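Thanks for coming, everyone. I'd like to walk you through one structure today. Please have it open on your screen.

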Amino acid sequence: RSFPVHSSYTTDTKSREENKKTIESLYSLSVDIKKIRRLKEWVLLQDVAYVKEIAGTLQEMGADKTTVANILERCPEAILRTPAAINSQKALWQLVCQNEKQLIKLIEQFPESFFTTEYHENQKGNILFFQELGLKNNIITRFLTSAPSIFYNPVEKNKNVIKTLQRNYLSLGGSDANMKIWILKLLSQNPFILLNTSTAIPKNLEFLQKNDFTDHEVLQLLSKLKGFIFQLTPTTMQQSMLFSKSVFKCSDQELKQLVLKCPALLYYSVPVLEERLEGLLKEGISVAQIRETPMVLELTTQIIQYRIKKLSALGYDIKSGTLESLNGTKKDFEVNYGKIQSKKERPIFNPVAPINIED
């Protein structure tokens, strides 16, 4: 994510000179100035910078000299933030961090997320809202670092999306008792659903119902898709389903079962599905095999090629067998691979059986 450039900062590098005081302060902290010049020289041209103050705040939190230099090299914009803004941000993140040691570790890993201070009030409102919702602090810190944009929304917008999800969950037959767990799980899996408009959610659910998915099946898809369904549109889903129907030469009912088995057929765009299908066919795998195990389309062509190569080295012929051995996460595959390997290496005789003297 590109760091937002504040409107009061200029990026016109031709008519400005570097701020000597800023340069000297950064040198004293062993910061690689060349790196900053190469990536974000405009930071060095600003009239006002708070190098010593920001470094001091980081050191107070337990950052050593190397860590401070690393943070400022990766996110030089930090020196343009006022000490007051950084102290407010520090207090905010401490609402969900166990201690300053954890906080400084997060800042070192994700400096841009921490030093984006323009949306302070929205960030605060959303942190408190997520806590009220029941999200654990470790999940909220993960959101702050890996999905910071969801905190820039006004808290009311995020509340509206959650209310829409709750309303639709109940209308599909979900129970009040399970709703909170479902919402929290959905958010944990895909916080970016909060970037969708609350009107997009019912439209997508309506599309599935019009395509004869029962309420129970729609709920099933919502869980399997980890919320990605809300980032789709009826048009893209229609295109993907028509493509799959054409490839697998199946009826509407058969297509529905394939989608329930492999929601990727709904989620991935036609070009992605085409590319993955082509990659599988090039490896000598038939369309019939793919139809039997459509989940292989969830994997990239590179992953498929790597797994086939590993299995082939064991003498396993993927063309004549099932594709189940290719499926799953990296961990799933390694377990399957280990089983095939041990089966191949297992001796065909019992090494502890008594030897027949006549033999």
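One definition before we start: a residue is called buried when its relative accessible area is under 20%. Keep in mind, too, that this is a predicted model.

Now apply that cut-off to Asn168. Buried or exposed: how does Asn168 count? Its relative accessibility is 14%, so Asn168 counts as buried. You will find Asn168 in helix H10, which covers residues 155-171. What lies 2.7 Å from a polar atom of the Asn168 side chain? That is the backbone oxygen of Thr164. Leaving aside residues up to four places away in sequence, Asn168 touches Ile201, Pro202 and Leu205.

Next, the core. In soluble globular proteins, nonpolar side chains tend to be buried together. Here the largest nonpolar core has 107 residues. Which of them touch the most other members? Leu58, Phe115 and Leu165 do. Helix H11, residues 176-189, provides the largest share of this core, with 6 residues.

On to the cavity. The structure holds 1 cavity of 30 Å³ or more. The volume of the largest cavity is about 40 Å³. Its lining consists of Phe243, Ser244, Val247, Phe248, Leu265, Leu273, Leu277 and Leu297. Two elements give two or more residues each to that lining: H14 and helix H17, which spans 270-282. H14 gives the most, with 4 residues. Sort the lining by class and you get 7 nonpolar residues, 1 polar and no charged.

Now the pockets. The largest pocket encloses about 250 Å³ of space. Rotate to Lys224, Leu225, Lys226 and Phe228, which are among the residues that line this pocket. Pro263, Ala264, Tyr267, Tyr268 and Glu298 also belong to the lining. By class, that lining has 6 nonpolar and 3 charged residues, with no polar ones.

The second largest pocket has a volume of about 170 Å³. Which helices each supply at least two residues of its lining? They are helix H14, residues 234-248, and helix H15, residues 252-261. The lining includes Gln238, Met241, Leu242 and Lys245. Asp252, Gln253, Leu255 and Lys256 are in the lining as well. So are Asn211 and Asp212. The class count for this pocket is 3 nonpolar, 3 polar and 4 charged.

One last pointer. Keep H14 on screen: H14 supplies residues to the lining of the second largest pocket, and H14 also gives 4 residues to the lining of the largest cavity.

Methods: Residues numbered from 1 in each chain as written. Predicted model: local features only at pLDDT ≥ 70, side-chain atom pairs only at ≥ 80, totals over all residues. Heavy atoms only, no water. 1 Å grid on protein atoms, 1.4 Å probe; cavity = no way out; pocket = protein on both sides within 12 Å on 5 of 7 lines; lining within 4 Å. Points joined across faces, edges and corners; volume = space filled by probe spheres on them. Nonpolar A, V, L, I, M, F, W, Y, C, P; charged D, E, K, R; others polar. Buried < 20%, exposed > 50% of the residue type's maximum accessible area, 1.4 Å probe, protein only. Polar contact = N/O pair within 3.5 Å; in protein donor to acceptor, adjacent residues only side chain to side chain. Contact = heavy atoms within 4.5 Å. Core = buried A, V, L, I, M, F, W, Y, C linked by side-chain atoms within 4.5 Å.
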